[in-house]
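Me: I've got a model open and I'd like to talk it through with you. Can we go over it piece by piece?

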2 protein chains.
Amino acid sequence: MLRGDITKAIRDAVMTELAEVGYGRLSIEAVARRAGVGKTAIYRRWSNKLEMVLEIVSDVAGRSVPLPDTGSFAGDLQLLLMIVGKALQHRIASQIIPDLMAEASRNPQIAETLQKALRTHQQAVGDKLIGQAVARGELPAGTDPDLAVDLLLGPLYWRLAVARTPLPDDYLDKMIVAVTAALKAAN
Amino acid sequence: MLRGDITKAIRDAVMTELAEVGYGRLSIEAVARRAGVGKTAIYRRWSNKLEMVLEIVSDVAGRSVPLPDTGSFAGDLQLLLMIVGKALQHRIASQIIPDLMAEASRNPQIAETLQKALRTHQQAVGDKLIGQAVARGELPAGTDPDLAVDLLLGPLYWRLAVARTPLPDDYLDKMIVAVTAALKAAN
DNA sequence: CCAGGACGTAACGGTTGCGTTCCGCCGTTC
DNA sequence: GAACGGCGGAACGCAACCGTTACGTCCTGG
């Protein structure tokens, strides 16, 4: 039986290593070194680097995000942006996500895994959020969920993951106002 | 005297190779192979991989984008989004940019180079665009240029470079309406 | 108390890439 | 027509990493 503590150490090491050097330069040997583990322990669990990373990442990414339902669209939106903002400001996430996104454009398996994670619940969150708002009459009925998700997450992702500029205190509030107006206007 | 056609071949090869395998796995040998050139020709021009990539990329990124001034904010915005959208849909750009962005989080020199490129004219474009609109009275005077740039570029970048979803025909139009409303509301 | 198995270590041969060096070729320049 | 210099090609020693194997240790279950 494989030892759970070893598996955990390897998983942690992969995430850290992924954040530090990226997928392209990730090496099994470095993972083993960091985990304080023999290479054999890794090859006993996964057959190569891609399989290992996919399994570990999709496991982490698959942990479902609690869907907000605060009773009002503004509340839902604020909660969602705070959650996403928090996540994107975590060092590991902010390094790994853009890296894997870039890698996904070259590797269909990574792309599929990330798309699944993205579509499955991130966009589901958006759908639910928009659906609730439409049902409450806070947004027009024809609101395009795809466009809405872009308008919701795009600016925050851009600022935190691309431009890597810190968030001023009132930034999220302003953004909520702006995005709400955008969605109402987008019909 | 170094031969210009050789230099050009190397520059092209670097961009292509960068798009195909990313910075992390870029190798001088592969560049030389692709350019049909000896390694010596490369080392005669740059002393290592980082220096080579930085020089080439910042050269490409430094080519200034024509600042839109169509007379109206909606027109400026449409033009800007079309230009950016076009650029982000180019295969090479859409591969290289996210890749280098991810790499920038690990390499200060890359980060600085990209920040310079981003700040220098991409954000300048935003500033000018917002400034013109404010001067024309199309946007309130207190409009925050930083937030505005996020709201402008974030959704498009998210959709094209992150989610990698194609743009429906009327998407940009909808987005222009939405973003305009967002900026007016953001005061 | 013994067998099995997961473990770390070490080494294997093979590949890739680094940055450097030397060579012979060839087009310019004078 | 000779000197110069950039060129491609080949090889260098070195390092990292691949995926695999053999070995000896230790823990655990029966």
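Reply: Let me start with how copies are compared: they are superposed by least squares on the C-alpha atoms of residues with pLDDT of at least 70 in both. This is a predicted model, in which local features need pLDDT of at least 70 and side-chain atom pairs count only at pLDDT 80 or more, while totals for chains, interfaces and linings use all residues. Residues are numbered from 1 along each chain as its sequence is written, chains are lettered from A and ligands numbered from 1 in the order in which they are written, and side-chain values use heavy atoms, with hydrogens and water left out.

Me: OK, what rotation and shift superpose chain A on chain B?
Reply: A rotation of 180° with 0.0 Å of shift along its axis does so, at an RMSD of 0.0 Å. That is the relation of a two-fold axis.

Me: And through which surface do the copies meet?
Reply: They meet through the same surface, because 100% of the interface residues of chain A are also interface residues in chain B; contact here means heavy atoms within 4.5 Å.

Me: How many helices and strands does chain A have?
Reply: Chain A has 9 helices and 0 strands, where helices (H or I, at least four residues) and strands (E, at least two) are DSSP runs numbered from the N terminus. The C-alpha trace of chain A spans about 60 × 30 × 30 Å along its principal axes.

Me: How much of chain A is buried?
Reply: Buried residues make up 50% of its 187 residues, with buried meaning under 20% relative accessible area, exposed over 50% and partly exposed in between, for a 1.4 Å probe and protein chains only. As for contacts in chain A with a separation of 6 or more, residues 24 or more positions apart account for 66% of them.

Me: Why does the length of H9 in chain A agree with what a helix should span?
Reply: Helix H9 of chain A (residues 171–186) has 16 residues that should span 22 Å at 1.5 Å a residue, and its end C-alpha atoms are 22 Å apart, so the two agree. The expected span is 1.5 Å times one less than the number of residues. Among the buried residues of H9(A) are A:Tyr171, A:Leu172, A:Met175, A:Ile176 and A:Val179.

Me: Switching to the DNA, which residues come nearest to strand C?
Reply: Of the 19 residues around DNA strand C, the nearest are A:Met1, A:Arg44, A:Arg45, B:Ile28 and B:Tyr43, a residue being near if one of its heavy atoms lies within 4 Å of the strand. Sugar or phosphate accounts for 65% of the atoms of DNA strand C within 4 Å of the protein, and bases for the rest.

Me: Which polar pairs are there with the phosphates?
Reply: A polar contact is a pair of N or O atoms within 3.5 Å; within protein, one must be able to donate a hydrogen and the other to accept it, and residues adjacent in sequence count only if both atoms are side-chain atoms. A backbone N or O atom of B:Ile28 lies 2.8 Å from a phosphate oxygen of DNA strand C, while polar side-chain atoms of B:Arg33 and B:Tyr43 lie 3.2 Å and 2.6 Å from a phosphate oxygen of that strand. The elements giving two or more residues to this surface are helix H3 (39–43) of chain A, together with helix H2 (28–35) and helix H3 (39–43) of chain B.

Me: And what about strand D, which residues are closest there?
Reply: DNA strand D is surrounded by 18 residues, of which A:Ile28, A:Lys39, A:Tyr43, B:Met1 and B:Arg45 are the closest. A polar backbone atom of A:Ile28 is 2.7 Å from a phosphate oxygen of DNA strand D, and a backbone N or O atom of A:Glu29 lies 3.0 Å from a phosphate oxygen of the strand. A:Lys39 has a polar side-chain atom 2.8 Å from a base oxygen of DNA strand D.

Me: Last one, is A:Ser94 buried or exposed?
Reply: A:Ser94 counts as buried, because its relative accessibility is 10%. This residue lies in helix H6 (residues 91–104) of chain A and, not counting residues up to four places away in sequence, A:Ser94 touches A:Leu88 and A:Arg164. In chain B, B:Lys116 sits in helix H7 (residues 108–136) and counts as exposed at 52% relative accessibility.
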